[in-house]
Amino acid sequence: MQSLYGAIANTNKKEIMAISIDRVYQKVLALANKEQRGYITPQEFNLFADHAQMDIFEQYFYDLEQRQRAPGNELDYSDMVTNLEEKISMFEINNQTVGVQTAGEVYLSSDLSDLYRLGVVQATYSGKPTKIAEQVQLNEISKYENSPLGMWTESRPLYSKFSTSTAPVVIKIYPTPQSASVSYTRKPKKPNWTYLISGSKNALYNPSATDHQDFELHSSEENNLVLKILQLAGISIKDFQLTGVAAQEEMKGIQQEKR
């Protein structure tokens, strides 16, 4: 067992690329079955894989915020922030055109099904250069509207963000532009280990399936994915020893990164 964990712990960071979902699955199976601790079905693995990927992805933003707030060694600070920004940059989409309704509303949750975080909003008016819209709170719009100095113009557009019962993310741009675009951070695509059922009813990996999807995280996250999936699998099969071993290995990796 030690050699398997060692192989995982010593994976080197590589250039940004997709992480093979089959390689992760095989590592998870090897570790889970090493002492006959249970079989993780493809359906279970896919559920765990999606959960693990989103956990790691969301942690980027929390860690970046904490790093930007915390004092410390300038070089170490810069390196860590740069590394996090690099990992997030894989999911940044710039200047994506969105549909503007008559009243200036843009239904982002419909136009951008992969939206995770909204960035810059740009508005274009006939015959004028594109302008970046400034965000204001919805409950403050009347204050701007009734202020001669704060009133929005085509040279200084504003936007508010809100949700409705049918649309989780909506923005309204003031005044209504001819067209609009946004920059945003998208969610990683849902990983999917696709397979065929053989005559012996075993699942055989099928990478050519149309819905096949590797992990989209930075290649350096492969170990973290394996360990997080093992934690989830340990809970699923009621094997808390497996969960504990995976957690210990994850802590070792974190401690090594901090040295």
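Which residue forms a salt bridge with Lys128, and how far apart are the closest N and O atoms? In this predicted model, the partner is Glu154, and the closest N and O atoms of the two side chains are 3.0 Å apart. This pair links distant parts of the chain, since the two residues are 26 residues apart. Glu154 is in the loop between helix H6 (141-145) and strand E6 (158-162), while Lys128 is in the loop between strand E3 (115-124) and strand E4 (131-132). Neither partner counts as buried: Glu154 is partly exposed, with a relative accessible area of 32%, and Lys128 is partly exposed too, at 39%.

The pair just described is one of 6 salt bridges in the structure. As a reminder, side chains of opposite charge can pair when their charged atoms come close.

Now for a pair that sits further inside. Glu216 forms a salt bridge with Arg186, and here the closest N and O atoms are 2.8 Å apart. Glu216 lies in the loop between strand E10 (203-205) and helix H7, whereas Arg186 lies in strand E8 (residues 179-186), so this salt bridge ties together parts that are 30 residues apart in sequence. Buried means under 20% relative accessible area, so Glu216 makes the cut at 15%, and Arg186 does as well at 12%.

A third salt bridge joins Glu222 to Arg23, with 3.0 Å between the closest N and O atoms. The pair spans 199 residues of the chain: Glu222 belongs to helix H7 (residues 222-236) and Arg23 to helix H2 (residues 21-33). Are the two partners buried or exposed? It's a bit of a mix: Glu222 counts as buried, with just 5% relative accessibility, but Arg23 is partly exposed, with a relative accessible area of 34%. There is a third player here as well, as Lys27 is linked with Arg23 and Glu222 in a network of salt bridges.

Next comes the sheet. It is an open one, made of 4 strands in the order E2-E7-E6-E5, and the pairing is mixed. Strands E2 (105-107) and E5 (134-135) stand at the edges; each has a single partner strand, so one side of each is left without a neighbour in the sheet. For E2, the pairing with strand E7 (residues 170-174) is antiparallel and runs over 3 bridges. To spot this pairing in the structure, look for Val106, which stands opposite Ile171 in E7.

How values were computed:
Residues are numbered from 1 along each chain as its sequence is written. This is a predicted model: local features need pLDDT of at least 70, side-chain atom pairs count only at pLDDT 80 or more; totals for chains, interfaces and linings use all residues. Side-chain values use heavy atoms; hydrogens and water are left out. Two strands pair if DSSP finds at least two bridges between them. A salt bridge is a side-chain nitrogen of Lys or Arg within 4 Å of a carboxyl oxygen of Asp or Glu. Buried means under 20% relative accessible area, exposed over 50%, partly exposed in between (1.4 Å probe, protein chains only).
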